Amino acid sequence: MNAKTYTRVIHEWCETTGMQPWAPDADMHIDMDNTTIGLLYNETVSPGALHVYIDLGHKNLPDLHRQLLELNMALDSPYGGCFALHPETGSLVYRAAMALSDETDGSALPQHIADLIAAARAPLQ
């Protein structure tokens, strides 16, 4: 994928949601399901992926770090994602890379990300 494809995906997303399109090189932050989502695309580092960061907030669960490391071992993590702690805020984050191609339907991405939010929250209930 290249920035042209990502630009198309952004426009399809925005046509579906009513948002204003953002620049392909922008680090986009949006709110979905009362959750802040970071969308990052870097054509040089990862030309075929949209990196999605889901801020799950601060969690005070017993053995949280151990639980996160065990969850990161799962081979069936959505989009090969993993849990991490944000280095600046200390928030729990789920990070995933969504493959994008010429066949990617940008209008479907908001639902895919909503599903990803639910999947990331589920093991932490």
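**Exercise 1. Find the helix that holds Glu70 and Arg66, and describe how the two residues interact.**

Solution. This is a predicted model.
Step 1: Place the residues. Helix α2 covers residues 64–72, and both Glu70 and Arg66 lie in it.
Step 2: Check the spacing. Glu70 and Arg66 are four residues apart, about one turn of the helix.
Step 3: Check the atoms. The closest N and O atoms of Glu70 and Arg66 are 2.9 Å apart. The cut-off for a salt bridge is 4 Å. Glu70 therefore forms a salt bridge with Arg66.
Step 4: Check the exposure. Glu70 has 47% relative accessibility and counts as partly exposed. Arg66, at 56%, counts as exposed.

**Exercise 2. State how many salt bridges the model has, and describe the one made by Glu12.**

Solution.
Step 1: Take the count. There are two salt bridges.
Step 2: Name the partner. Glu12 bridges to Arg8, and their closest N and O atoms are 2.9 Å apart.
Step 3: Place the pair. Glu12 and Arg8 sit in helix α1 (residues 3–17). They are four residues apart, so about one helical turn separates them.
Step 4: Check the exposure. Glu12 is partly exposed at 22% relative accessibility. Arg8 is partly exposed too, with a relative accessible area of 27%.

**Exercise 3. Work out the strand order of the open sheet, and say which strands stand at its edges.**

Solution.
Step 1: Read the order. The five strands of the open sheet run β1-β2-β3-β5-β4, with antiparallel pairing.
Step 2: Find the edges. β1 (28–32) and β4 each have a single partner strand, so one side of each lacks a neighbour in the sheet. These two strands stand at the edges.
Step 3: Add the twist. From one strand to the next, the twist averages 30°.
Step 4: Add the helix. Helix α3 (residues 109–121) lies across β1, β2 (35–40), β3 (49–57), β4 and β5. Helix α3 runs at about 45° to β3.

**Exercise 4. Describe the hairpin of β4 and β5.**

Solution.
Step 1: Pair the strands. β4 (residues 82–85) and β5 (residues 92–99) are antiparallel and share four bridges.
Step 2: Look between them. Six residues lie between the strands of this hairpin. Gly90 takes a positive phi near 75°.
Step 3: Match residues across the strands. Phe83 stands opposite Tyr94 in β5.

**Exercise 5. Classify the ring pair of Phe83 and Tyr94.**

Solution.
Step 1: Choose the quantities. An aromatic pair is described by the distance of the ring centres and the angle of the planes.
Step 2: Count the pairs. The model has three aromatic pairs.
Step 3: Apply the angle. The ring centres of Phe83 and Tyr94 are 4.8 Å apart and the planes stand at 65°, so the pair is edge-to-face. The cut-off for that class is over 60 degrees.
Step 4: Place the pair in the chain. Phe83 is in strand β4 and Tyr94 in strand β5, eleven residues apart, so the pair links distant parts of the chain.
Step 5: Check the exposure. Phe83 and Tyr94 are both buried.

**Exercise 6. Is His51 buried or exposed, and what does its side chain contact?**

Solution.
Step 1: Place the residue. His51 is found in strand β3.
Step 2: Apply the cut-off. Buried means under 20% relative accessible area. His51 is at 14%, so His51 counts as buried.
Step 3: Find the polar partner. The side chains of His51 and Ser46 make a polar contact of 3.0 Å.
Step 4: List the neighbours. Leaving aside residues up to four places away in sequence, His51 touches Gly38, Leu39, Leu40, Ser46, Arg95, Ala96 and Ala97.

How values were computed:
Residues are numbered from 1 along each chain as its sequence is written. This is a predicted model: local features need pLDDT of at least 70, side-chain atom pairs count only at pLDDT 80 or more; totals for chains, interfaces and linings use all residues. Side-chain values use heavy atoms; hydrogens and water are left out. Two strands pair if DSSP finds at least two bridges between them. Rings of Phe, Tyr and Trp (its six-membered ring) pair if their centres lie within 6.5 Å; planes under 30 degrees apart count as stacked, over 60 as edge-to-face and the rest as tilted. Buried means under 20% relative accessible area, exposed over 50%, partly exposed in between (1.4 Å probe, protein chains only). A salt bridge is a side-chain nitrogen of Lys or Arg within 4 Å of a carboxyl oxygen of Asp or Glu. Axes are lines fitted to C-alpha atoms, for helices over the stretch in contact, and angles run from 0 to 180 degrees between N-to-C directions. Contact means heavy atoms within 4.5 Å. A polar contact is a pair of N or O atoms within 3.5 Å; within protein, one must be able to donate a hydrogen and the other to accept it, and residues adjacent in sequence count only if both atoms are side-chain atoms.
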